[in-house]
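Colleague: I should be grateful for some guidance on reading this structure. Please begin with the general idea in each case and then turn to the example.

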Amino acid sequence: MPHSLVFEVNLEGPTLEKEGPTACKQTRQLAKLLAGASDAAVDRVYRMNGFTQLVKLAETWNESVQEEAAHALYRICKNNVYHQPLFKLGGIEKLLFLAEHSKKAPRAQQSAAGSLAYMCATKDLRIEIVRKDALGVMVPLSNTENVATQIQAGLCIARLSEDRENVNEIVNSEGVQPLV
């Protein structure tokens, strides 16, 4: 099975800074695999510290890499178990980066907005997401030409509004319009 081999090769320690293009290529392979992986495979990658590499991959300016990383993060964020680990790795900031700066990669924007909507599962994370200026990114995305991205950004804003503490921020950032 080539998938298990790739997981083992990718996760034994290379980092993007130390290993250069080879580690980046391996981590891109990891992102592609995670996008369609089973829950068990995602859990194995998590236990082997693979999320660290994936979050680093999200820092790129390469549009195809952005799409791969964002889609893999979207897959991971579907499971609430991984929200806190991703938060600790700086996942919110990376998702906001992808949502804001992937203008030539609309699938990356859509996946990043959807990931943030999934991460709004707990009050603590919703408050953190607002603190990281998610509304400054989600409100403009909710008005983009890509309908799927509009829906994901609007869903994120709606989930953020579940807390009273966030409602004033949403109103002040003109985030109510996308919800109407």
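Modeller: The following turns take up the overall make-up, a helix pair, a buried helix and a loop residue. This is a predicted model, in which local features need pLDDT of at least 70, side-chain atom pairs count only at pLDDT 80 or more, and totals for chains, interfaces and linings use all residues. Residues are numbered from 1 along each chain as its sequence is written, and side-chain values use heavy atoms, with hydrogens and water left out.

Colleague: How many helices and strands are there in the chain?

Modeller: Helices (H or I, at least four residues) and strands (E, at least two) are DSSP runs, numbered from the N terminus. The chain has 13 helices and zero strands.

Colleague: What percentage of the residues in the chain is buried?

Modeller: Buried means under 20% relative accessible area, exposed over 50%, and partly exposed in between, with a 1.4 Å probe and protein chains only. Of the 180 residues in the chain, 47% are buried.

Colleague: How should one read the packing of H6 and H9?

Modeller: Two packed helices are described by the angle between their axes and the distance between the axes. Axes are lines fitted to C-alpha atoms, for helices over the stretch in contact, and angles run from 0 to 180 degrees between N-to-C directions. Here the axes of H6 (residues 63-77) and H9 (residues 106-119) come within 8 Å and cross at roughly 25 degrees. Therefore H6 is roughly parallel to H9, a term for angles under 35 degrees (over 145 is roughly antiparallel, 65 to 115 roughly perpendicular and the rest oblique).

Colleague: Which residues make the contact?

Modeller: Contact means heavy atoms within 4.5 Å. Among the residues involved are Ala 70, Leu 73 and Tyr 74 of H6, and Ala 108, Ala 112 and Tyr 118 of H9.

Colleague: Why is helix H11 described as largely enclosed?

Modeller: Six of the eight residues of H11 (residues 134-141) are buried, so the rest of the structure largely encloses this helix. The buried residues are Ala 134, Leu 135, Val 137, Met 138, Val 139 and Leu 141. They pack against H8 (91-101), H9, H10 (123-131), H12 (147-160) and H13 (164-172).

Colleague: Where does Ser 161 lie, and what does it touch?

Modeller: Ser 161 is in the loop between H12 and H13. With a relative accessible area of 29%, Ser 161 is partly exposed. Leaving aside residues up to four places away in sequence, Ser 161 touches Val 167 and Ile 170. The C-alpha atoms of Ser 161 and Ile 127 are 9.9 Å apart, with their positions 34 residues apart along the chain.
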